[in-house]
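Please find below my notes on the model you sent. They are set out as numbered points, going from the overall fold to single residues.

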Amino acid sequence: MTSSGRLSVERVSTRAQFTEFTQATWRERDRAVPLLEPTLRSWWRGTSPHASPIDLVLVRNAAGRVVGRTTTHRDPALEAKLGIGLQLFGATEAASPAALRAVLNAVGESAREAGLPEVLGPVSLLPNQSGGVITSGFEHRGFVDSAWNPPWVPAVYEQLGLSRWNESDTWTVPVTPVQPPPPSSWSQQGVELEYGSRRTLPQVIPALREVLNASFAQLPYYTEISPEQMATATESLGWLLDPRLFLIARAHPRRHSPTAATPSPIVAFALVIPDVTSYVQRTRGSMGLMAQLGLLARRSRLRSEAILVIQGTDPAWQGRGLMSLISQQLQANLHEGGYHTLRSTYVGRDNPGSARQFSRYGGTPLHGYTFYRGTLAAIAAATRTKGQR
């Protein structure tokens, strides 16, 4: 693509370049969490369900060593929601501030070439999927479906004229003995509790997608999840699942008179998985067949920490305390299962209601979390100012 000083930027077009993209060696392996190699491969080959092409980009130093990487891509649904053309970027990492500046300059150049006025990221591939920058809590490791980066990273984004967008926090919650809610609590809410399983996943996943899309539609970063995106996001769930951590509330059958073909609707759920971060770090995100078999063999030994990946409540059922019931049951099940820590993917600071389910059980923020957004004009102004110093 371009050269800047002693750093050069190039698009990934060969298998060797793709291998370099997946095997960046500057990461702090005990803290950062690699994206899964099959996911990256689907981006490169164009087989992911994302709506537009995805370019993988490398930055090299004068010796030819890879010192940074990113993706550049677009998403029509997010552009429509925000009302502006956006150059998205993701899977963004760098070995140094200079390398990260080169990465972000490449993103800006891509936006200029496409005639796009703003950039947003890092998102992998969308804000409601993965990505982000942590702004505090650097001493704590990252975890699956969350970010980790060195402390100098936020300053580079901000020096280049990008602003924090959708500031949030990840959370950590100690698991302590909790009495589960009595059965009457569920029936009083007009619901029944059930647990997901590998056997029922094909029937449950489409219903969860409907609840997710309805529950999160009002959030500024959220775009509707398609059936294809949902299938991709959950394709590995079967070999991760601990059924007692996949809680589902269905409307009481007597209120909806379901048939065998149309079961009662799901109105709320929480999906928690065992924390397999250490294994993903050890395999460097490979997760091919042998790595999956290795995870299956070690699964029982990895059940000491857990991650709340996603939860949601149908808007028509919000405000009734359903998520409080689910959280209480979850805490009881975690303790019974021998877990000692629950982590949660990011919760927006403008959503204190969701954060209360963690603080009431002694939880505290783990990482400050944000995305970065900026106009090309602001980036250009910041670059000129920096050059004049």
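1. Among contacts between residues at least 6 apart in sequence, 77% join residues at least 24 apart. This is a predicted model, and the percentage is computed from its atoms. The chain has 389 residues, of which 54% count as buried. Its secondary structure comprises 14 helices and 14 strands.

2. Aromatic pairs. The structure holds 10 aromatic pairs. In one of them, Y157 and Y372, the ring centres are 4.6 Å apart and the planes are at 10°; stacked pairs have planes under 30 degrees apart, so this pair is stacked. The two residues come from distant parts of the chain: Y157 belongs to helix 5 (residues 153–159) and Y372 to strand 14 (residues 364–375), with their positions 215 residues apart in sequence. The relative accessible area of Y157 is 1%, so Y157 counts as buried. Y372 is buried too, at 0% relative accessibility.

3. Aromatic cluster. Which residues do ring pairs link into a cluster? They are W165, Y221, Y346, Y369 and F371.

4. Charge over a ring. R320 places its charged end over the ring of W317. The distance from that charged end to the ring centre is 4.3 Å.

5. Helix 8. In helix 8 (residues 227–234), the buried residues are Q229, M230 and T234. They span an arc of only 120° around the axis, so they lie on the same side of helix 8. What do the buried residues of helix 8 pack against? Their packing partner is helix 7 (201–216).

6. Second largest pocket. Helix 7 also appears here: with 5 residues, helix 7 gives the largest share of the lining of the second largest pocket. The space in this pocket is about 210 Å³. The full lining consists of Q203, A207, E210, V211, A214, R250, P263, S264, P265, I266 and D314.

7. E192. This residue is located in strand 9 (residues 191–195). Its relative accessible area is 37%, which lies between the 20% and 50% limits, so E192 is partly exposed. Leaving out residues up to four places away in sequence, E192 touches I248, A249, R250, H252 and P253. From E192 to P253 the separation is 61 residues in sequence, while the C-alpha to C-alpha distance is 8.2 Å. R250, one of the residues that E192 touches, is also among those that line the second largest pocket.

8. Q331. Q331 is part of helix 12 (residues 322–336). Is Q331 buried or exposed? At 3% relative accessibility, which is under the 20% limit, Q331 counts as buried. Neighbours within four places in sequence set aside, Q331 is in contact with V173, P174, V175, T176, V178, L342 and Y361.

9. Cis peptide bonds. Most residues other than glycine have a negative phi, and most peptide bonds are trans. Two places in the loop between strand 6 (118–121) and strand 7 (133–134) should be looked at with that in mind. The bond that joins G121 and P122 is cis, with omega about -10°, and P122 is in that loop. A cis bond also runs from S124 to L125, where omega is near 5°; L125 is in the loop between strand 6 and strand 7 as well.

10. Positive phi. Where does A91 lie? A91 is in strand 5 (residues 86–94), and its phi is near 50°, a positive value in a residue other than glycine. A91 is buried, at 6% relative accessibility. D145 is not a glycine either, and its phi is positive at about 70°. D145 is found in the loop between strand 7 and helix 5. With a relative accessible area of 38%, D145 is partly exposed, whereas A91 counts as buried.

Methods: Residues are numbered from 1 along each chain as its sequence is written. This is a predicted model: local features need pLDDT of at least 70, side-chain atom pairs count only at pLDDT 80 or more; totals for chains, interfaces and linings use all residues. Side-chain values use heavy atoms; hydrogens and water are left out. Rings of Phe, Tyr and Trp (its six-membered ring) pair if their centres lie within 6.5 Å; planes under 30 degrees apart count as stacked, over 60 as edge-to-face and the rest as tilted. Helices (H or I, at least four residues) and strands (E, at least two) are DSSP runs, numbered from the N terminus. Buried means under 20% relative accessible area, exposed over 50%, partly exposed in between (1.4 Å probe, protein chains only). A charge sits over a ring if NZ of Lys or CZ of Arg is within 6 Å of the ring centre and within 35 degrees of the ring normal. The arc is that of the directions from the helix axis to the C-beta atoms. Contact means heavy atoms within 4.5 Å. On a 1 Å grid over the protein atoms alone, a cavity is a set of points where a 1.4 Å probe fits but cannot get out, and a pocket is an open set with protein on both sides within 12 Å along at least five of seven lines; lining residues have an atom within 4 Å of a point. Grid points are joined across faces, edges and corners, and a volume is the space filled by probe spheres set on the points.
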